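Student: I would like to work through this structure by question and answer. May we begin with the terms that will be needed?

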Amino acid sequence: MKTEILKLLRESKDYVSGQQLCETFGVSRTAIWKVMNQLKEEGYEVEAVRNRGYRIVGSTDVMTQEELSSLLDGRTKWAGQHVFYYDEIDSTNLKAKQFGEEGAPHGTLAVADMQTAGRGRRGRGWDSPAGSSIYMSIMLRPKFPPVKAPMLTIVMAYSVARALCTCTGLDVQIKWPNDIILNGKKIVGILTEMSTEIDYINHIVIGVGINVNMESFPEEIVEKATSLRIETGEIQKRAPIVVEIMSEFETWYEAFEQSEDLSFLQDDYNQLLVNCGKDVRILGAKETYQAHALGINETGELLVRREDGSEEAVYAGEVSVRGVYGYV
Ligand code: BTN
């Protein structure tokens, strides 16, 4: 009921009368009054005016099941339409993997306020304190073969970058293949994990961690990481960002299904690429070398020109890319 009440209040331009709410949900005035008090405790500014009813006049950064469900309702067809919110969890990627194994529908989303065992790429952890970040993982049941899976990470990075631009107006960039960068520092990490049989995908989980309202970072990563709040000086609302990402991702995932490759976003992705047209260091298993980054090709590999003039495509699973003087 709280989700529906929130949606009604948000969508109504005028006050919503207590009487109308009682009739719609078949409950007493006291029950409605209790919901309004819960909403106030969660951070909504609810205005109650005698003989007129209730109205939401503002809110802080509210992250609850009801906030996410009510904002997502009708915004997408499948991405995040089944959403599960947790105050605390080991890892949303593990949760989404469990959804996959239990037969949950394509697009099921896990969101948490805090993770106790956040997972990063290359076996690293992902620092996941409470109250300040977005930890979200979407479970997908793609119809395409496993070789195309790495391209999906690029689709997600592109979607997150676009969503952050829309929600904050900031010029975020992408560090190939899938870190999102703001003013030279990392604000988003993406971890894709896949469960496959020999030639088909059971399910894929794409996890996204976004530094939203953190005020500081541990010494070891302070040079490399930042948050939206540090860069803008303002507290950002997390739930609308989650919703915007789902909306963008659904659009570009469907475009990817239609297309054989990433040619539909290649140019736009390259526009956002922080290293595009710059010299980079390529860190491979066998060698480290300097090259000039030219942008991604249709399959999401990074095209680089070596110092001897030869061009090659490097594959995300095999190399890391750094700026010549540091992280980007
Ligand atoms: C990276 O190392 O850059 C990837 C970090 C991915 C972190 C996110 S937070 C939500 C999801 N759950 C996890 O355990 N990891 C991902």
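Tutor: Certainly. A residue is called buried under 20% relative accessible area, exposed over 50%, and partly exposed in between. Please keep in mind that the model is predicted.

Student: Is Arg 162 buried, partly exposed or exposed?
Tutor: Arg 162 belongs to helix α6, which spans residues 149–168. Its relative accessibility is 31%. Since partly exposed covers the range between 20% and 50%, Arg 162 counts as partly exposed.

Student: Which residues does Arg 162 contact, leaving aside its neighbours within four places in sequence?
Tutor: Contact requires heavy atoms within 4.5 Å. Glu 248 is 86 residues away from Arg 162 in sequence, yet their C-alpha atoms are 7.4 Å apart in space. With the neighbours within four places left aside, the contacts of Arg 162 are Glu 248 and Trp 252.

Student: How many disulfides are there?
Tutor: A disulfide is a covalent bond between the sulfur atoms of two cysteines. Here a pair of cysteine sulfur atoms must lie within 2.5 Å. For Cys 165 the closest cysteine sulfur, that of Cys 167, is 9.7 Å away, and therefore too far for a bond. By this rule the number of disulfides is zero.

Student: Which residues of helix α1 are buried, and what covers them?
Tutor: In an α-helix there are 3.6 residues a turn, so residues three or four places apart point the same way. The cover over the buried residues of α1 includes α2, α3, β1, β2 and α4. Within α1, residues 2–11, the buried ones are Lys 2, Thr 3, Ile 5, Leu 6, Lys 7 and Leu 9.

Student: Which element gives the largest share of the shell around the ligand?
Tutor: The ligand is surrounded by 19 residues, and Ser 91, Gln 115, Arg 119, Arg 121 and Lys 186 are the closest. Polar side-chain atoms of Ser 91 and of Lys 186 each lie 2.7 Å from an oxygen atom of the ligand. Two or more residues of the shell come from each of α5, β5, β8 and β9. The largest share, four residues, comes from β8.

Student: How many residues of the shell around the ligand are nonpolar, polar and charged?
Tutor: For this grouping, Gly is placed among the polar residues and Tyr among the nonpolar ones. The shell around the ligand then divides into six nonpolar, ten polar and three charged residues.

Student: With which side chain does that of Thr 92 form a polar contact of 2.7 Å?
Tutor: Thr 92 lies in helix α5, and because its relative accessibility is 3%, Thr 92 counts as buried. An N or O atom of its side chain is 3.1 Å from a nitrogen atom of the ligand. Within the protein, the contacts of Thr 92 beyond four places in sequence include Ala 110, Tyr 135 and Ser 137. The side chain that joins that of Thr 92 in a polar contact of 2.7 Å belongs to Ser 137.

Student: Which residues does a cis peptide bond join?
Tutor: Most residues other than glycine have a negative phi, and most peptide bonds are trans. In this model, a peptide bond with omega about 0° is cis. Pro 177, on one side of that bond, lies in the loop between β6 and β7. The cis peptide bond joins Trp 176 and Pro 177.

Student: What is phi of Asn 51?
Tutor: Asn 51 is in the loop between β1 and β2. With a relative accessible area of 81%, Asn 51 is exposed. Its phi is positive although the residue is other than glycine, and the value is near 65°.

Methods:
Residues are numbered from 1 along each chain as its sequence is written. This is a predicted model: local features need pLDDT of at least 70, side-chain atom pairs count only at pLDDT 80 or more; totals for chains, interfaces and linings use all residues. Side-chain values use heavy atoms; hydrogens and water are left out. A residue is near a molecule or strand if one of its heavy atoms lies within 4 Å of it. A polar contact is a pair of N or O atoms within 3.5 Å; within protein, one must be able to donate a hydrogen and the other to accept it, and residues adjacent in sequence count only if both atoms are side-chain atoms. Buried means under 20% relative accessible area, exposed over 50%, partly exposed in between (1.4 Å probe, protein chains only).
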